[in-house]
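Q: Could you walk me through how the pieces of this chain pack against each other? I have the structure open and would like to follow along.
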Amino acid sequence: MVITTPGGLYRYDMGDLVRCVGHRADVARLVFVGRAGLTSDMVGEKLDEAFVATALSALPYAAALFRKLVPKTHYELWLDASKNDPSYAAQVEEALCRNPQYAYARKIGQLGALVPLLKAGFVTERHLAEIHAGKRLGDLKHSSLILD
């Protein structure tokens with residue numbers, strides 16, 4: 001997504017991926033999908049944030065995938081919830097396996113099973129930490145794929 005001035009003299013590449021979900025009058029209604037260029041590739045699975053956001057979109061809670069290297073390379077599914085439903089992890093795993101590289105890494109054992117964790121409030125906590133680190137409120141965006 002690129003923002004420009006009416007004269008087109010200045011442009012700023014925000015690095016955001018958006019999807020048009022409709023129009024109101026002459027204005028497009030956009031939904032934030034993810035950050036461009038944010039990709040995880042620990043063992044060849046090549047997950048980008050837009051794909052992960054789609055995989056998590058059916059969940060009733062905010063969620064994110066966190067990369068973990070120990071004890072075996074895997075992802076943690078953090079759910080911003082106080083109650084877990086075991087079907088959530090299975091649902092996300094099925095969606096992630098639509099990526100052939102992820103499915104192959106799981107099949108041959110390079111990538112461990114998805115580990116669901118209840119982390120009520122983690123989205124707010126991450127945003128507060130970013131604000132304390134000097135980030136502006138308007139720059140905060142929930143990320144579906146966390147690389148740290």
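A: One term is needed before we start: two residues are in contact when they have heavy atoms within 4.5 Å of each other. Please also keep in mind that this is a predicted model.

Q: Fine. How many helices and strands does the protein chain have, and in what order do they run?
A: The protein chain holds 4 helices and 10 strands, and from the N terminus on the order is β-β-β-β-β-β-α-β-β-α-α-β-α-β.

Q: What share of the 148 residues is buried?
A: Buried residues account for 34% of them. As for contacts in the protein chain with a separation of 6 or more, 54% are between residues 24 or more positions apart.

Q: Let's go to the helices, then. Which residues of H1 and H2 meet?
A: From H1, Phe51, Val52, Ala55 and Leu56 take part, and they meet Val92, Ala95 and Leu96 of H2. Sorted by class, this contact consists of 7 nonpolar residues, with no polar and no charged ones.

Q: And how are the two axes arranged, at what angle and within what distance?
A: The axis of H1, which covers residues 49-56, and that of H2, residues 87-96, come within 9 Å and cross at roughly 140°. The pair is therefore classed as oblique, since the oblique class takes in what is left once angles under 35 degrees, over 145 and from 65 to 115 have been assigned elsewhere.

Q: Which hand does the crossing of H1 and H2 have?
A: The crossing of H1 and H2 is right-handed.

Q: Switching to the sheet: what is the strand order, and is it open or closed?
A: It is an open sheet of 4 strands, arranged S9-S8-S7-S10, with mixed pairing. S9 and S10, the latter being residues 145-146, are the edge strands, each of them pairing on one side only.

Q: Where do H1 and H2 sit with respect to those strands?
A: H1 lies across S7, S8 and S10 and runs at about 125° to S7, while H2 packs on the sheet with contacts to S7, S8 and S9, its direction making about 130° with that of S8.

Q: Back to the pairing, is S7 parallel or antiparallel to S8?
A: S7, residues 63-68, runs antiparallel to S8, and 6 bridges join the two. A hairpin of 5 residues links S7 to S8. If you want to check the register, Arg67 has Tyr75 of S8 as its bridge partner, and Lys68 stands opposite His74.

Q: What about S8 and S9, which sense is that?
A: That pairing is parallel, with 4 bridges between S8 and S9, the latter being residues 115-118; here Glu76 stands opposite Val115.

Q: How many residues of S8 are buried, and which side do they lie on?
A: In S8, which spans residues 74-79, 6 of 6 residues are buried. Both faces are covered, with His74, Glu76 and Trp78 on one side and Tyr75, Leu77 and Leu79 on the other.

Q: One last spot, Val123: which helix is it in, and is it buried or exposed?
A: Val123 belongs to H4, residues 122-132. Its relative accessibility is 12%, so Val123 counts as buried, the cut-off being under 20%.

Q: What does Val123 touch, leaving out residues up to four places away in sequence?
A: With those left out, Val123 touches Ala62, Asp80 and His142. As for Trp78, which is 45 residues from Val123 along the chain, the two C-alpha atoms are separated by 9.6 Å.

Definitions and conventions
Residues are numbered from 1 along each chain as its sequence is written. This is a predicted model: local features need pLDDT of at least 70, side-chain atom pairs count only at pLDDT 80 or more; totals for chains, interfaces and linings use all residues. Side-chain values use heavy atoms; hydrogens and water are left out. Axes are lines fitted to C-alpha atoms, for helices over the stretch in contact, and angles run from 0 to 180 degrees between N-to-C directions. A crossing is left-handed if the near helix is turned anticlockwise from the far one by less than a right angle, and right-handed if clockwise. Ala, Val, Leu, Ile, Met, Phe, Trp, Tyr, Cys and Pro count as nonpolar, Asp, Glu, Lys and Arg as charged, and the others, Gly among them, as polar. Buried means under 20% relative accessible area, exposed over 50%, partly exposed in between (1.4 Å probe, protein chains only). Two strands pair if DSSP finds at least two bridges between them.
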